[in-house]
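Visitor: I am new to reading structures and would like to learn how the words used for them are earned. Could you walk me through one?

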There are 2 protein chains.
Amino acid sequence: MKPKKRTTIYDIAQKLNVTPSSVSRALNNSNYVNEATKKLILKTAEELNYKRNTMASNLRKGQSKTIGVVVPRINQNYFANIIAGIEDATYKQGYNLIICQSNESYEKEVQSINTLINQHVDCIVISVSIESNNHKHLQNVLDQNIQLIQFDRVADELETLKVINDNEQASFEAVDHMIEQGYKRIALLEGPQNVDIFRQRKKGYLQALAKHNIPVIDELIVENTWTKELGAKGTRQLLSLPEPPDAIFASVSDFSALGVLEVATDMNFKVPSQLGICGYSNEDFTEITSPSITTIDQFSFYMGKTIANLYFQEMENNDTVVVPKIISIKPKLIIRSSTMKKKGK
Amino acid sequence: MKPKKRTTIYDIAQKLNVTPSSVSRALNNSNYVNEATKKLILKTAEELNYKRNTMASNLRKGQSKTIGVVVPRINQNYFANIIAGIEDATYKQGYNLIICQSNESYEKEVQSINTLINQHVDCIVISVSIESNNHKHLQNVLDQNIQLIQFDRVADELETLKVINDNEQASFEAVDHMIEQGYKRIALLEGPQNVDIFRQRKKGYLQALAKHNIPVIDELIVENTWTKELGAKGTRQLLSLPEPPDAIFASVSDFSALGVLEVATDMNFKVPSQLGICGYSNEDFTEITSPSITTIDQFSFYMGKTIANLYFQEMENNDTVVVPKIISIKPKLIIRSSTMKKKGK
DNA sequence: CTGAAAGCGCTTACAG
DNA sequence: CTGAAAGCGCTTACAG
């Protein structure tokens, strides 16, 4: 493909015997152009199939109208919905999205951030990877004066805009609900404790136990249960205990909860009568399993829109009005069959 | 946020008393710089926290190292995986992805394409929306000398690179399998016939019937079954017939197949003994339903990688070697419980 | 190996 | 309302 030269404002200017300045003005719908010539320019642009070169325009204007998004995985329901939500809101404002996935790798996350900085994006939206303990790269974003919005998994110590879920409260409600249903030995599949949200979920779990004066039993708390397979493995371990739990809160994810359900079925534990199960995230499939799985909805699409709108607000404000720096969205406990011990299946 | 000025190559040049040319050369690892000064420049760049301005660089070089992707929906498993696959392959080559979703709207698709053209992306990857009958906007991409790769839902008449699935073959195999299992009245939930892939799937269905000398019964073919709800609606209609079908091929999507399953369960049709069900796409949930749903896997992540690599090949080739313009990936029939009439549930 | 200069395509103060 | 000119930050032929 030989890159045939595209039409520029010079081509239009030449053809009409006006200056590029006027063409630019017309194209930007400025008032400082004669109405007649403006129309003529617009018409000619159309004829010559003119397309503005956004790179040039942005370079000159010192902005990019682009938002960078870094997520652990694009092809995970929760993140896909976040992105769809952001896209939905930014699209209307003429913004573009550059998407990067960290694949939960610290190294790739750093590299993604650098790419986005080089691209001069106006804003970077990120949910940090599990591997990321160090946040120099995020500090770097701030140093470059790029707006930074963290969501879901956030680096607490960095003072940035944040859109989060109240994980602690949601987890508390989930476990509280299970206790109310009559479960007495509730196990926890927990996420990596270097990540904020997983610490919070554990807190909620502990809080609910405390409220009901239920002792914390260490052997009922299992680490490293991230995937379906790991969730299954943890469950096998739990259900083989001399005194197995009568409920499992897969606080790390619905995928993990799915592993729980499969092992439970396999080992002939009746759900929910012998074993209650609660997951996290309200993945589509939780509604479809049998029994359906109780879980926590995070309103991901809405969260995406919120993130985008937060950015636009911050831009408009220009430091005149103070905007809240942290928006917490209350997730919702979705009670399904897998924890309905009382009311029967 | 007052945009504090970023470090440019001029700042580095000034500090070291060399010209911007040399700085640029050093930064691009050119051989035409003294090794010592190169090292010095690199070190200083680091110190001053220099970040290249990709916009400026690209403008000058007349490329963007950016690929635009337009899909109907980001938050649909199939497309999310395609995107993840593309990202995985392009990332390694230092390319960025700009993502747009058409939301199945023609208008938004056109607008997305225009944005991408303005951004001077090097390549546009698209799966057209259901609404898109007109393909002027795609022709426009070609006219601007931008590489265009269509995938999945393609505009046949446009001579572009294409990565597709052999929908006809896969559908044939699915229906053939159902017939082998002993189903005799197989209904079809079909997709919009203005879209290529849905026409092909119908063809495969008809072909399988023909092979086994089974007559085509018009009332067993239902249009407009896109979503779970519409699939359910179509199924209710089918199962209420005086002579209802004994199997339903939800060729349009797994979501539709899910609707079929729910209505069947509701109306007390035993699956698979009284009613066989086959979907399309191998969405995660098809493995989890009870019974699990037979479906067709399209290798979406792999398709994404293929798309990206096709682009890179085409770039390298530079018209010297001829590359195949259409890559067809053979999907795989995943046989699960919902069609296992013979071998029992 | 290095510098001076032009230019990628646009926008915008400045002057009239 | 219009033009001439400078400049966004970089790269790259050209000359030495």
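Visitor: Which helices of chain A and chain B each supply at least two residues of the surface near DNA strand C?

Guide: Before we start, please keep in mind that this is a predicted model. For chain A the helices are α1 (9-16), α2 and α4, and for chain B they are α2 and α4. The biggest contribution comes from α4(A), which gives four residues.

Visitor: What makes a residue count as near DNA strand C?

Guide: One of its heavy atoms has to lie within 4 Å of the strand. Around DNA strand C there are 25 residues, and S24(A), Y50(A), R60(A), R25(B) and R60(B) are the closest. By class, that surface has seven nonpolar, 12 polar and six charged residues.

Visitor: Which parts of DNA strand C lie within 4 Å of the protein?

Guide: Of those atoms, 59% belong to sugar or phosphate, and the rest belong to bases.

Visitor: How do you know that R52(A) makes a polar contact with DNA strand C?

Guide: The cut-off for a pair of N or O atoms is 3.5 Å. A polar side-chain atom of R52(A) is 3.4 Å from a phosphate oxygen of DNA strand C, so the pair qualifies as a polar contact. The side chain of S22(B) also has an N or O atom facing this test, at 3.1 Å from a phosphate oxygen of the strand, and that pair passes too.

Visitor: What does the side chain of S21(B) have 2.9 Å from one of its N or O atoms?

Guide: A base nitrogen of DNA strand C. With 3.5 Å as the limit, this pair is a polar contact as well.

Visitor: Let us turn to the other strand. Which residues come nearest to DNA strand D?

Guide: They are R25(A), R60(A), S24(B), Y50(B) and R60(B), out of 26 residues around DNA strand D. The surface there has eight nonpolar, 12 polar and six charged residues. Its largest share, four residues, comes from α4(B). Of the strand's atoms within 4 Å of the protein, 58% belong to sugar or phosphate.

Visitor: What makes the pair between S24(B) and DNA strand D a polar contact?

Guide: A polar side-chain atom of S24(B) lies 2.6 Å from a phosphate oxygen of the strand. Set that against the limit of 3.5 Å, and the pair counts.

Visitor: Which residues offer backbone atoms to bases of DNA strand D?

Guide: R60(A) is one of them, with a polar backbone atom 3.3 Å from a base oxygen. Another is A56(B), where a backbone N or O atom lies 3.2 Å from a base nitrogen. Both distances are within 3.5 Å, so both pairs are polar contacts.

Visitor: Why is the relation between chain A and chain B called a two-fold axis?

Guide: A turn of 180° with a shift of 0.0 Å along the axis lays chain A on chain B, with an RMSD of 0.1 Å. That is the relation of a two-fold axis. The same surface serves both copies, as 100% of the contact residues of chain A recur in chain B.

Visitor: Why do β7 and β9 of chain B count as edges of their sheet?

Guide: The open sheet has four strands in the order β7-β6-β8-β9 (chain B), with parallel pairing. β7 (221-222) and β9 (276-278) each have a single partner strand, so one side of each is left without a neighbour in the sheet. Helix α8 (residues 167-180) of chain B packs on this sheet and touches β6, β8 (247-250) and β9 of the chain.

Visitor: How do you know that β6 and β7 of chain B pair?

Guide: Pairing needs at least two bridges. Two bridges join β6 (residues 186-189) to β7(B), so the strands pair, and they run parallel. In β7(B), V222(B) is the bridge partner of L189(B).

Visitor: Where is P272(A), and what is the peptide bond from V271(A) like?

Guide: P272(A) is in the loop between α11 (254-266) and β9 (276-278) of chain A. The bond from V271(A) to P272(A) is cis, with omega near 5°. In chain B, the bond from V271(B) to P272(B) is cis with omega near 10°.

Conventions: Residues are numbered from 1 along each chain as its sequence is written. Chains are lettered from A and ligands numbered from 1 in the order in which they are written. This is a predicted model: local features need pLDDT of at least 70, side-chain atom pairs count only at pLDDT 80 or more; totals for chains, interfaces and linings use all residues. Side-chain values use heavy atoms; hydrogens and water are left out. A polar contact is a pair of N or O atoms within 3.5 Å; within protein, one must be able to donate a hydrogen and the other to accept it, and residues adjacent in sequence count only if both atoms are side-chain atoms. Ala, Val, Leu, Ile, Met, Phe, Trp, Tyr, Cys and Pro count as nonpolar, Asp, Glu, Lys and Arg as charged, and the others, Gly among them, as polar. Copies are superposed by least squares on the C-alpha atoms of residues with pLDDT of at least 70 in both. Contact means heavy atoms within 4.5 Å. Axes are lines fitted to C-alpha atoms, for helices over the stretch in contact, and angles run from 0 to 180 degrees between N-to-C directions.
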